[in-house]
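The exercises below are meant to be worked through with the sequence and the structure at hand. Try each task before reading its solution.

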Amino acid sequence: MSAILINQLLFLVVLIGLGIPLGFYTYQVMSGKHVWTSAFLAPLEKMIYRLLGKQAKVEMNAKKYTFSVLAFSFLSFIAVMFFMLLQGYFPGNPNGAEGTSLSLAFNTAISFVTNTNWQAYAGETTLSPLTQMLALTVQNFVSAGVGIAVLFALLRGFISKNSRNLGNFWQDLTRAVLYVLLPLSLVIALILVSQGVVQSFGGAVETYLLETGEKVLVPLGTAASQIAIKQLGTNGGGYFGANSAFPFENPTVFSNFVENIAILIIPVALIVSFGLFVKEMKQGRTILIVSFILLVLALIGVTMSEYYMAPHFTDVLANGNLEGKEVRFGIGWSSLWAVSTTAASNGSVNAMMDSFTPLGGMIPMFLMQLGEIVFGGAGSGLYGMIAFVLLTVFIAGLLVGRTPEYLGKKIEPFDMKMVCLVILTPPILTLVGSMIFTLHPDSAAWLGNSGAHGFSEMLYNFSSLANNNGSAFAGMETNTTFLNVLGGCIMLLVRFIPMTAILFLGENLGKKKMVAVSEGTLSTTNGTFTFMLLGVILLIGALSFLPVMGLGPIADFFIHS
Amino acid sequence: MKAFIKENLQPAFRLLLIMTLICGLGYTLLVTGMGQLFFYQQANGSIVTVSAADGSKKNVGSQLLGQPFTESQYLIGRPVGTASQLSPVGKEQEDLVAQRVAFFKALDPTNQQAIPMDLVTQSGSGVDPEISLEAAQYQVARIAKERQISQEAVEKVIQDHTSGKLFGTIGESRVNVLGVNIALDELE
């Protein structure tokens, strides 16, 4: 147990140590400053703007920015559908994968465009390498880029005065992808290949089992390049069905360490960038502290539950719950991953979430239900968190009778309406989705486990879909037309309703003038506020989900203990 | 409508095309090229080959993928199959573990030690290539007896295929099952 704690502590130290410098770099990139990589990338960037024409230079207000985001996402959706349905006719298909069903293509396209990466299929058998490369890898990059772009559009609203200008979406997206995601992915992909993650255009290799001589096909593919960005961009969609538990995606303890850092590093860096961008590092610090407290609490909870709450079997040496876990990761690295992937809206797994102990599975579920704001998705996590900060400022302002202000901007009714849209959309869709599923006559047959654990399966999956996470209690049958369509619609709404609200919030904030800091200004950086923010986040989560949790994981826990 | 297409869809289409070329094609080709050049073995599945008596070579699998072993002269790894999705505290799981315990007991009735957890639980990938050092040691006596070699010889082979901990602390000591079994076959 002590070794596990030391390892996890080491991980957190490395995470912060790498996250802070990346935060400085990302800040410079997104403010359009010259960085050291400009030497190689600036010519490429200029060329892209030239190809895009006049639109790459205009200033955008919220409406224009939103239209650009939606137009880009819509075409992305069409592109993924195109490759999935017609992959049988294209080259780059050594294993002869055929076009998928319409509902699966619909679901997967939305899933990757919305940075969810929910997967109702197993990549190695269902998709051709060409589809993985030209459709899915590309979306891993750009969906993360869109999140980062929208975040900075909002932040421009905070720092500008009497202006509706939120920046230019095409430039924001290009810079986020070109300067931040692409170089980092390249480095990580090469580290992963060195560890044994496959990266090849060849078809499956024929092998013959040692004991029986039976022929077995070993699947290859361009996995390393896709996995690097799937972790960095908080995407999470695996190249192979078993995701990062599969040895060809995550072969060693070192590869696991690198991938787990990659899951959290961009969200951590963005919080630092936020502090720099609004010229008040302390504001970033508040958010960083709250996120870390929630992450560490969750980590302790999951690790303890997996270690001490594991079942005891007769004649078996009890040392924690290893069902669904790989020996090379054990309890420690599996618990850390489970917490990271649900905190950061990543959704990849290195151990099967369905096979966690009842409480060990409940905590990741709750992290998602908080709205994917504890670090959260690339960009989207932080703008969600800022919505919670505004809510806290508003509540605190009401309590002490002051006008709510944040970063020198008065928070008024329109702003609060947008905040409510951001905060309430995910829980409503989680609960409504679960309800529709439960009412379907076949729902019980689709679950992989019986009883309370089966209910947890369903609740987990809808929490994942309705927060753009993408991980699953994968015992449930997910590739059904009903769930593909329902899940697709949920992912779509939960991505673009809050995103649009955030852009209009940004514009509305930008229109206002700055209010000078005075005696009467409520501090948003001291201990009281930090504690208050933590309380508001937990309260909203608990109020929304405690009753339904009682039917799932909590019941599961009491039945079996 | 025409203005909307020109102002939004046209740049969106162009940027998506550019990104597909850079991030889909260029990036993937670059990583594949460098991977094939510098890490040929790893990039192509870490395939293990053994030479037969007549000198011909045969792929027996990947070092990174577990494969089923059931005979008692082999080191037996974790159950092979699809990824486990069972609740660890459910009835289905309890029955499966009892079956696996019975299998190991039947294979070696003289062994009275408790069975390490990893041997009787399904892994996340279903093809976990490794077992814990304890799980390997649990099987030493049986393998030695079946192959009529000394326990020390078996332990030596296991030791050769045990990965140490990264930086001396990270992770657990683990044994590569396929590696051990190939080496055991080569002893004879």
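Two residues are in contact when heavy atoms of theirs lie within 4.5 Å. The model used here is a predicted one.

**Exercise 1.** Find which residues Phe72(A) touches, leaving aside residues up to four places away in sequence.

*Solution.* Begin with chain A, where Phe72(A) touches Val142(A), Val146(A), Phe169(A), Trp170(A) and Leu173(A). Then turn to chain B, where the residues touched by Phe72(A) are Ala12(B), Leu15(B) and Leu16(B). Next, place Phe72(A) in its setting: the largest nonpolar core has 167 residues, and Phe72(A) is among those with the most contacts inside it, as are Phe169(A) and Tyr406(A). Helix 9 of chain A, residues 253-277, supplies the largest share of this core, with 17 residues.

**Exercise 2.** Describe helix 1 of chain B, giving its span and the place of its kink.

*Solution.* First, the helix covers residues 2-38, and its 37 residues reach 51 Å from the first C-alpha to the last, which is close to the 54 Å expected at 1.5 Å a residue. Second, a kink of about 30 degrees lies at Leu9(B), shortly before the proline Pro11(B).

**Exercise 3.** Decide whether Asn44(B) is buried or exposed, and find its surroundings.

*Solution.* Start from the loop between helix 2 (40-43) and strand 1 (47-51) of chain B, where Asn44(B) has its place. Its relative accessible area is 15%, and buried means under 20%, so Asn44(B) is buried. Not counting residues up to four places away in sequence, Asn44(B) touches Val198(A), Ser200(A), Leu220(A) and Gln36(B). With the side chain of Gln36(B), the side chain of Asn44(B) makes a polar contact at 3.0 Å.

Definitions and conventions:
Residues are numbered from 1 along each chain as its sequence is written. Chains are lettered from A and ligands numbered from 1 in the order in which they are written. This is a predicted model: local features need pLDDT of at least 70, side-chain atom pairs count only at pLDDT 80 or more; totals for chains, interfaces and linings use all residues. Side-chain values use heavy atoms; hydrogens and water are left out. Helices (H or I, at least four residues) and strands (E, at least two) are DSSP runs, numbered from the N terminus. The expected span of a helix is 1.5 Å times one less than its number of residues. The bend at a residue is the angle between axes fitted to the seven residues ending there and the seven starting there. Buried means under 20% relative accessible area, exposed over 50%, partly exposed in between (1.4 Å probe, protein chains only). A polar contact is a pair of N or O atoms within 3.5 Å; within protein, one must be able to donate a hydrogen and the other to accept it, and residues adjacent in sequence count only if both atoms are side-chain atoms. A nonpolar core is a set of buried Ala, Val, Leu, Ile, Met, Phe, Trp, Tyr and Cys residues joined through side-chain atoms within 4.5 Å.
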